[in-house]
Each structure stands twice: as C-alpha cells, then as structure tokens.
Amino acid sequence: MPLGEVDYFLINKLATNLSSTLSISANIMQGVKIPPESYNIMRSQYYATVILQKLEIMKSSHKELMLGIMEEDLYAGEEHSVTSEIDRLTGCGVISLMRLRTDFYGLPENEKWVYPRLYKESFKIVARLMGMRACRNPHCILYYSEDMRDIDDKRLKLCDICQREFFKLV
Ligand SMILES: [Zn+2]
C-alpha cells in the first residue's frame, strides 16, 4: 500500500520480486494519503503505531498481510526514528524509504543502494508477518538490522537455517 507520494517504479519492482521469493501473491493497492492523525508536529515525524492501525482497517481479510510504504520519516515508542515497524497480531507492517535513501546521508541519490535496502527490509517484514523469526546470522536477510551498514552487509536471501524453516511455512 503506497502511503503518500511513493516511487511507483520501486514499489512495482518490489512487488514482483517479493511475489517470487516469498511465494506469495503481492498486489499493489491504490495508494492513500498518509493518515494525518499519525503526524507529530513537534517531531516532524509520523507515528508508526497509528499508521499500522489504519492499515489494519484497510485489509480485506484477516489472512491478508498489509505492508505500507512511505517516503516520510517514522518513529515508534521511545525510538528516535525507525525504518520500519510491524504488528504481528494484525499482520501489518510499515516501512519508510527516507533513511534508506543515500541523499538522507548527504550522498548523491543512488538507486543501486536504495532498492536492495528496500527489498531486504520489506522481505524481513513480510517474512516475520508470515511467522518467521529474526535471525542472528548477520548475513541472513532476516537479521535484525536498523543500521544501514547492517542492512547493506546482509545478503539478499535467507541463511540455510531460515531457508529450512521457511520451507515448512510455504
Ligand atoms: Zn537466518
């Protein structure tokens, strides 16, 4: 679900790739505005918990998983900022592209970096919503990572242990 103005090229590529690697049918929904009530004017950030609640309402069935993708910055709980947040109970997740983008760090914008980061983090969110656990192997795509260096160091696939767990799910 695109939230606000989001690069359609990235979302399209993501949906195609996640469909095949996670053996799911990923559909791109018609985008909606970022829920205005999730905006915290003092922090100039959006509160992930409120967005997750809104995404749950937009689900068409209990079994469906919903991933919101947005450009704007997110925070959750006590965290200063988060790249993503999930609610396993409702099957919803949200991810922000802002800190995945190289220009956030004062570097030239580079698609070569942004897409793999989006793919790895989205894969992790959807796999966790499907029931997989975060992995301690720093090379595994399910490694718990918030830091961009951690994300960049991860491979684009599951480690052998997670791969065996994943086969039991699908
Ligand atoms: Zn793993």
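Among contacts in the protein chain between residues at least 6 apart in sequence, what percentage join residues at least 24 apart? In this predicted model, the share is 56%. The protein chain holds five helices and seven strands. Their order along the sequence is β-α-β-β-α-β-β-β-β-α-α-α. The radius of gyration is 15 Å, close to the 15 Å that the globule rule gives for 170 residues, so the chain is as compact as a globular protein of that length.

**Overall dimensions and burial**

- The C-alpha trace spans about 45 × 40 × 30 Å along its principal axes.
- Of the 170 residues in the protein chain, 31% are buried.

**Helix α3**

- Helix α3 covers residues 111-129, which is 19 residues.
- From first C-alpha to last, α3 reaches 27 Å, close to the 27 Å expected at 1.5 Å a residue.
- Buried positions in α3 include the run from E121 through S122, F123, K124, I125 and V126 to A127.
- R117, L118 and K120 of α3 are buried too.
- Two helices are among the packing partners of the buried α3 residues: α1 (8-21) and α4 (148-153).
- Strands β4 (66-70), β6 (84-87) and β7 (92-96) also pack against the buried residues of α3.
- Just after α3, G131 takes a positive phi of about 120°.

**Nonpolar core**

- In soluble globular proteins, nonpolar side chains tend to be buried together.
- Here the largest nonpolar core has 34 residues.
- L55, L67, I69, V94, C140 and L142 have the most contacts inside this core.
- At least two core residues come from each of α1, α2 (48-58), β4, β7 and α3.
- Helix α3 supplies the largest share, five residues.
- L67 is in contact with S122, I125 and V126, leaving aside its neighbours within four places in sequence.
- On the same basis, L67 is also in contact with M1, G93 and I95.

**I141 in the loop after α3**

- I141 sits in the loop between α3 and α4.
- Why does I141 count as buried? I141 has 23 C-beta neighbours inside 10 Å, and the cut-off for a buried residue is 20 or more.
- I141 and K124 lie 17 residues apart in sequence, yet their C-alpha atoms are 6.5 Å apart in space.
- Not counting residues up to four places away in sequence, I141 touches K120, F123 and K124.
- I141 also touches K154, R155, L156, K157 and L158.
- K120, F123 and K124, all contacts of I141, are themselves among the buried residues of α3.

Methods:
Residues numbered from 1 in each chain as written. Predicted model: local features only at pLDDT ≥ 70, side-chain atom pairs only at ≥ 80, totals over all residues. Helix = DSSP H or I, 4+ residues; strand = E, 2+ residues; numbered from the N terminus. Rg over C-alpha atoms; globule rule 2.2 N^0.38 Å. Buried ≥ 20, exposed ≤ 12 C-beta atoms within 10 Å, placed from the backbone. Contact = placed C-beta atoms within 7 Å. Expected span 1.5 Å × (residues − 1). Core = buried A, V, L, I, M, F, W, Y, C linked by C-beta atoms within 7 Å.
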